[in-house]
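Take a look at the chain below. We will walk through it one region at a time.

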Amino acid sequence: MSTEIPESYKTGIQHIEELDLGAMTEWLRAELHEQVHVLAGQAYDYPVQAIVNHHPYLSPETQKRMANAIEVLILDWKQAANAWSDSAVQALLSLAAELPVPGAKSKLQSLVESQAFSNLAEYLRPAVLGAIATLSINDDRAFWKTLPDDYPKFAGMAFQVLTRISHEDALELLGRLPDDQQVIGSVARKLPDFVSQFEPEPQLQAVKLRQISEALASLPTGSAASLKLAIEEAGFKLGETPSLLAAQQKLKFREFLNAVVPTVHPVNTLDLEYAT
């Protein structure tokens, strides 16, 4: 626990430290439903920011208890959604992401992968995915790679998360984006930032630009043109986009290799292109 607790926080910190798991869960429930506020803060701090502000001053044991309580509340919401207002749900998801509560991620991912997510109000779906995105690490790349298969409108979000946790998977998704103006616009805003992170290594950046060019060749002409323009307006030279035919031929060749290579005894080392 930090020894420099602000004077105005001391009463609230003491209150939280004395709560067991059950009491912590019920206090958080009341806070998130804005039925009670016991922590110091301005009106705009409630309910989430006031809790986030106090969190660093809690003992590790109490922080863990709070994380467990938030996980309990997520399960409660999944099982009894009608008992939760939309604002309370959004506050719960925001709190899980901002503290953060890593254990909340798998509980939210299982929701997305169930029929219940399709039944969820459309304006709550981005909040669920946003919390998962904040908590995502490299191990979550499979979740984001497959999300657009069931929910194409979130392909832009999936791409943005993958640019942070798995560059190669981001590039793979880039080549199969849906022909949707909102998705393409979302990716176009992120793509220059993705390229710019490789500026300290010019050779690597050149490789990524080539891979982007190849991915764009698989997209409809309008989508590819929009993304190419976004990159070039940011000062990067993409070069000529390979023809769609060439990309399809390369895909067929890779499929041929996948069928033949297992029957061939390996010689020397794997080509670097296939090792990345």
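**Starting at helix H13**

In H13, the buried residues are Gln 205, Lys 208, Leu 209, Gln 211, Ile 212, Ser 213, Ala 215 and Leu 216. Keep in mind that this is a predicted model. What do the buried residues of H13 pack against? Their partners are H11, H12 and H14. Next, check the length of H13. It has 15 residues, which should span 21 Å at 1.5 Å a residue. The end C-alpha atoms of H13 are 21 Å apart, so the span agrees with the expected value.

**The whole chain**

Now step back. The chain has 16 helices and zero strands. It holds 276 residues, and 42% of them count as buried. Consider the contacts between residues at least 6 apart in sequence. Of these, 64% join residues at least 24 apart.

**Helix H12 and its kink**

Move to H12, one of the partners of H13. Helix H12 covers residues 181–196, which makes 16 residues. From first C-alpha to last, H12 reaches 24 Å, close to the 22 Å expected at 1.5 Å a residue. Where in H12 does a kink lie? Find Lys 190: the kink there is about 30 degrees. The proline Pro 192 follows shortly after.

Look at the start of the helix too. Asp 180 caps the N-terminal end of H12. A side-chain oxygen of Asp 180 lies 3.0 Å from the backbone nitrogen of Gln 182.

Then trace the buried residues. In H12 they are Val 183, Ile 184, Ser 186, Val 187, Ala 188, Leu 191, Pro 192, Phe 194 and Val 195. They pack against four helices: H10 (155–165), H11 (167–174), H13 (202–216) and H14 (221–233).

Pick out one residue from that list. Ser 186 sits in helix H12. Is Ser 186 buried or exposed? Its relative accessible area is 11%, so Ser 186 counts as buried. Set aside residues up to four places away in sequence, and Ser 186 touches Gly 156, Met 157 and Gln 160.

**The loop before H12**

Leu 177 is in the loop between H11 and H12. Its relative accessible area is 6%, so this loop residue is buried. What is Leu 177 in contact with, leaving aside its neighbours within four places in sequence? The answer is Ala 155, Val 183, Ile 184, Val 187, Leu 219 and Leu 227. Val 183, Ile 184 and Val 187 are among the buried residues of H12. Leu 177 is also 24 residues from Lys 153 in sequence. In space, their C-alpha atoms are 9.7 Å apart.

**Rings that pair**

How many aromatic pairs does a search of the whole structure find? It finds five. In one of them, the ring centres of Phe 117 and Tyr 151 are 5.1 Å apart and the planes meet at 90 degrees, so the pair is edge-to-face. Phe 117 lies in helix H7 (residues 115–119), while Tyr 151 lies in the loop between helix H9 (141–150) and H10. The pair therefore ties together parts that are 34 residues apart in sequence. Both Phe 117 and Tyr 151 are buried.

Phe 143 and Trp 144 form another pair. Their ring centres are 5.1 Å apart and their planes are at 90 degrees, so this pair is edge-to-face. Phe 143 is buried, with a relative accessible area of 8%. Trp 144 is buried as well, at 0%.

Ring pairs also link Phe 159, Phe 194 and Phe 198 into a cluster. You have met Phe 194 already, as a buried residue of H12. Return to Phe 117 for one more feature. The charged end of Arg 125 sits over its ring, 5.8 Å from the centre.

**A buried aspartate**

Finish at Asp 140, in the loop between helix H8 (125–135) and H9. With a relative accessible area of 7%, Asp 140 is buried. Which side chains does it meet through polar contacts? One belongs to Lys 105, at 2.8 Å. Another belongs to Gln 109, at 3.2 Å. Leaving aside neighbours within four places in sequence, Asp 140 is in contact with these two residues and with Leu 135 and Ile 165.

Methods: Residues are numbered from 1 along each chain as its sequence is written. This is a predicted model: local features need pLDDT of at least 70, side-chain atom pairs count only at pLDDT 80 or more; totals for chains, interfaces and linings use all residues. Side-chain values use heavy atoms; hydrogens and water are left out. Helices (H or I, at least four residues) and strands (E, at least two) are DSSP runs, numbered from the N terminus. The expected span of a helix is 1.5 Å times one less than its number of residues. The bend at a residue is the angle between axes fitted to the seven residues ending there and the seven starting there. Buried means under 20% relative accessible area, exposed over 50%, partly exposed in between (1.4 Å probe, protein chains only). Contact means heavy atoms within 4.5 Å. A polar contact is a pair of N or O atoms within 3.5 Å; within protein, one must be able to donate a hydrogen and the other to accept it, and residues adjacent in sequence count only if both atoms are side-chain atoms. Rings of Phe, Tyr and Trp (its six-membered ring) pair if their centres lie within 6.5 Å; planes under 30 degrees apart count as stacked, over 60 as edge-to-face and the rest as tilted. A charge sits over a ring if NZ of Lys or CZ of Arg is within 6 Å of the ring centre and within 35 degrees of the ring normal.
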